[in-house]
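The following exercises concern internal spaces and helix packing. Each task is followed by a stepwise solution.

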Amino acid sequence: EYCAFMGEPIQGEAGVVVPQEGYLKKAHDICKKYNVLLIADEVQTGIGRTGKMLCHEWDGAKPDIVVLGKALSGGVYPVSAVLGSHEVMTTIKPGEHGSTFGGNPLGCKIAIAALNVIKDEGLVENAQKMGELTRANLHGMKSPLVTTVRGRGLLNAIVVKPTKVNGKTVTAWDVCLRMAQNGLLAKPTHDDIIRLAPPLTIDATGINEACAIIEKSLKSFE
């Protein structure tokens, strides 16, 4: 028997794999039908990254438990959190669960401040707009090395087709090295994918500059 189904609304380390529209909602409905908890791992996708405060909002599905981290403190302090429904959280009675650093006052204060900044400065909306601009620019490059552009908000990726250039196979790693030489840092994953996750504060000028470097780097291998 199964007690829970846990997954990322968008797979991060797997290479920014965006599921089909309605996938999480369907998973939610199946979980409800069979009395299984739905747990959303939003460590990478949460806190505005995908153009919604929490990525599962895109599908209109409400998980029973949500796991948060990374952006929860705005990068200032190590903070993570678990959110849950009243029905789930009240099953834990006083004294049944402990945590060495749980409820750290400084961490909580920093997390609150970071959330206020995201709300007050409209960073969720900015992530959505800048993400659309990013993907439009990436699609517009029409590079023969890029087979796929995907993502939501400011969590995006390009899939790089291994290509022979002057007798050497060019991979995503090689493209990242060339991008670094040209002034842009990015991380490859699974050999053929480059993830792009700039700060939520980035503006159109920054997006266009970054995309220009990506295009320049790709063209250098053509």
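**Exercise 1.** Which residues line the largest cavity?

*Solution.* The model is predicted, so local features need pLDDT of at least 70 and side-chain atom pairs count only at pLDDT 80 or more, while totals for chains, interfaces and linings use all residues. Residues are numbered from 1 along each chain as its sequence is written, and side-chain values use heavy atoms, without hydrogens and water.

Step 1. On a 1 Å grid over the protein atoms alone, a cavity is a set of points where a 1.4 Å probe fits but cannot get out, and lining residues have an atom within 4 Å of a point.

Step 2. Searching the whole structure yields one cavity of 30 Å³ or more. The largest cavity has a volume of about 80 Å³.

Step 3. Its lining consists of Pro9, Pro19, Gln20, Glu21, Gly22, Tyr23, Leu24, Cys55, His56, Trp58, Asp59 and Arg152.

Step 4. By class, this lining of the largest cavity holds six nonpolar, three polar and three charged residues.

**Exercise 2.** Describe the largest pocket and the second largest pocket.

*Solution.* Step 1. A pocket is an open set of points with protein on both sides within 12 Å along at least five of seven lines.

Step 2. The largest pocket holds about 700 Å³ of space. It is lined by 32 residues, and Arg49, Ala197, Pro198, Pro199 and Leu200 are the closest to its centre. In that lining, 22 residues are nonpolar, five polar and five charged.

Step 3. The second largest pocket holds about 580 Å³. Ser80, Ala81, Ser99, Gly102 and Gly103 lie nearest its centre, among 20 lining residues. Helix α3 gives the largest share of this lining, five residues. The classes are 13 nonpolar, seven polar and no charged residues.

**Exercise 3.** Determine how α4 packs against α6.

*Solution.* Step 1. Helices are DSSP runs (H or I, at least four residues); α4 spans residues 123–141 and α6 residues 204–219.

Step 2. The two helices pack at about 25 degrees, with their axes 10 Å apart. Therefore α4 is roughly parallel to α6, a term for angles under 35 degrees.

Step 3. The crossing of α4 past α6 is right-handed, meaning that the near helix is turned clockwise from the far one by less than a right angle.

Step 4. Contact means heavy atoms within 4.5 Å. From α4, Met130, Leu133, Thr134, Asn137, Leu138 and Met141 meet Ala204, Ile207, Asn208, Cys211, Ile214, Glu215 and Leu218 of α6. These contact residues comprise nine nonpolar, three polar and one charged.

Definitions and conventions:
Axes are lines fitted to C-alpha atoms, for helices over the stretch in contact, and angles run from 0 to 180 degrees between N-to-C directions. Angles under 35 degrees count as roughly parallel, over 145 as roughly antiparallel, 65 to 115 as roughly perpendicular and the rest as oblique. Ala, Val, Leu, Ile, Met, Phe, Trp, Tyr, Cys and Pro count as nonpolar, Asp, Glu, Lys and Arg as charged, and the others, Gly among them, as polar. Grid points are joined across faces, edges and corners, and a volume is the space filled by probe spheres set on the points.
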